[in-house]
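The following exercises are to be worked with the sequence and the three-dimensional structure in view. Each task is followed by a solution in steps.

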Amino acid sequence: MDTGSIAWGLTATALVLFMTPGVAFFYGGLVKAKSVVSMMMMSFGALGLITVLWILYGFNMSVVDGASQFAGNPFSDFGLGSLATGETGNLDLLGATYGATFAIITVALISGAVADRAKFGSWMIFAGVWATLVYFPVAAWVWGGGWIMSLGETLGLPGVIDYAGGTAVHINAGAAALALALVLGKRIGFQKGITKPHNVPLVLLGASILWFGWFGFNAGAEWLNGLANVGLIVVNTLGATAAAILGWLIVEKIKDGKATSVGAASGAVAGLVAITPACANLEPGWALLLGVVAGAVCAMAIEMKFKFGFDDSLDVVGIHLVGGLIGTLYLGFFAIGTGLFVGGDLGQLTVQAIAAFAVLVYSFVVAYLLGLAIEKTIGFRVKNEDEVAGIDTSVHGEEGYALANV
């Protein structure tokens with residue numbers, strides 16, 4: 001492989017890794033000032049734990065071996081020792097490291113659903129077990145030779161398209177977030193407007209880091225293809241995200257009378273989520289339409305928690321689950337060459353729907369049972385008095401802002 005492609009692989013890995021601190025800033029700005037440390041620590045905790053698990057056995061599980069299409073053997077190359085000493089060790093390890101960054105951010109995304117009320121230790125147990133039982137196998141399903149990767153061939157239909165993680169990352173994380181929101185229950189005083197973002201610039205900084213890193217997220221894997229399709233991927237990543245900002249702000253203006261900066265940041269994330277599975281398989285015009293649709297629909301979807309009574313604190317369900325479903329199913333209509341409205345038939349939509357809802361159901365069920373087990377044993381939720389006071393000092397012994405009394 002040429003040195004330019006390898007350099008892009010290294011750069012893309014760093015970009016995607018930087019996205020997890022971006023999530024920490026984005027989520028941290030959205031919570032109240034006395035919970036910002038706790039919120040950001042969930043992302044950094046995932047960064048530490050999931051990296052270690054991925055190197056020990058997660059990468060092995062993400063590539064199917066033999067007849068199994070569920071997951072690889074976690075002990076096939078424990079600690080990646082054999083990979084490191086193989087003939088293509090450097091390239092293989094770079095690919096494994098790139099994959100680790102996806103695992104890390106997928107887990108970190110879930111934390112937004114339990115903001116202001118989760119114990120850190122319980123979160124870390126959930127993160128490690130969920131990654132082992134759900135993310136690592138689902139990555140194998142989608143990218144590692146598993147059943148989703150071969151679904152089209154099995155059914156005699158086009159193959160499932162999920163270039164960068166509509167199913168494996170966003171639907172996966174969104175479904176788990178919904179499960180945890182149900183397990184932990186509502187925050188004290190839950191209602192519309194329960195908490196306003198304590199630091200709007202922090203939210204915008206986080207969204208900006210995410211958008212910056214997302215070019216590595218979407219276009220990063222092209223280092224394995226000699227960057228053959230990188231132009232289409234980057235223009236779609238830019239265009240769909242920009243269009244989603246407009247879609248969200250229009251809905252926000254009509255609904256609430258004001259277009260907000262937090263809305264713009266949320267719209268950008270919604271567009272990034274939706275274009276993730278579709279970035280390499282849409283003409284740019286259809287990518288713009290996807291962005292507008294995703295921004296508008298996600299702006300309305302975040303109201304679901306008030307209608308149905310589940311407290312998804314930072315709208316992981318409304319943005320990542322809904323946005324991931326939109327982007328994944330949209331390919332069934334507009335994917336180049338196979339979409340229903342661009343020369344194809346219902347085959348592409350069929351396989352996209354099967355993959356999306358299979359991941360949704362599997363992730364939700366496992367996350368719900370795991371979260372419930374933790375809550376009933378060691379407890380997942382902090383005490384009411386700690387929640388009201390803000391959990392930074394009780395959980396971490398720190399304050400986000402050391403302000404002198406005047």
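**Exercise 1. Determine whether Thr350 is buried, partly exposed or exposed, and place it in the fold.**

Step 1. Thr350 has a relative accessible area of 34%. Buried means under 20%, exposed over 50%, and partly exposed in between (1.4 Å probe, protein chains only). Thr350 is therefore partly exposed.

Step 2. Thr350 belongs to helix H14, residues 346-377. Helices here are DSSP runs (H or I, at least four residues), as strands are (E, at least two), numbered from the N terminus.

Step 3. Val160 is 190 residues from Thr350 along the chain, yet their C-alpha atoms are separated by 9.1 Å.

The model is predicted: local features need pLDDT of at least 70 and side-chain atom pairs count only at pLDDT 80 or more, whereas totals for chains, interfaces and linings use all residues. Residues are numbered from 1 along each chain as its sequence is written, and side-chain values use heavy atoms, with hydrogens and water left out.

**Exercise 2. Describe how helices H5 and H7 cross, and which residues make the contact.**

Step 1. Two packed helices are described by the angle between their axes and the distance between the axes.

Step 2. The axes of H5 (residues 120-143) and H7 (residues 166-184) come within 10 Å and cross at roughly 145 degrees. Axes are lines fitted to C-alpha atoms, for helices over the stretch in contact, and the angles run from 0 to 180 degrees between N-to-C directions.

Step 3. The crossing of H5 and H7 is right-handed, the near helix being turned clockwise from the far one by less than a right angle.

Step 4. H5 contributes Trp123, Phe126, Trp130, Val134, Tyr135, Val138, Val142 and Trp143, and H7 contributes Thr167, Ala168, Val169, Asn172, Ala176 and Leu180. Contact means heavy atoms within 4.5 Å.

Step 5. By class, this contact of H5 with H7 has twelve nonpolar, two polar and no charged residues. Ala, Val, Leu, Ile, Met, Phe, Trp, Tyr, Cys and Pro count as nonpolar, Asp, Glu, Lys and Arg as charged, and the others, Gly among them, as polar.

**Exercise 3. Explain why Cys298 is not bonded to Cys279.**

Step 1. A disulfide is a pair of cysteine sulfur atoms within 2.5 Å.

Step 2. The cysteine sulfur closest to that of Cys298 is in Cys279, 17 Å away, and is therefore too far for a bond. The structure holds zero disulfides.

Step 3. Cys279 is buried at 0% relative accessibility, and Cys298 is likewise buried at 0%.

**Exercise 4. Examine the positive phi values of Leu80 and Asp116.**

Step 1. Leu80, a residue other than glycine, has a positive phi near 60 degrees. Leu80 is in the loop between helix H2 (36-61) and helix H3 (81-85), and is buried at 8%.

Step 2. Asp116 has a positive phi of about 75 degrees, although it is not a glycine. Asp116 lies in the loop between helix H4 (89-110) and H5, and is buried at 3%.

**Exercise 5. Check the length of helix H9 against its expected span.**

Step 1. The expected span of a helix is 1.5 Å times one less than its number of residues.

Step 2. H9 (residues 230-256) has 27 residues and should therefore span 39 Å. Its end C-alpha atoms are 39 Å apart, which agrees.

Step 3. Gly257 follows H9 and has a positive phi near 90 degrees.
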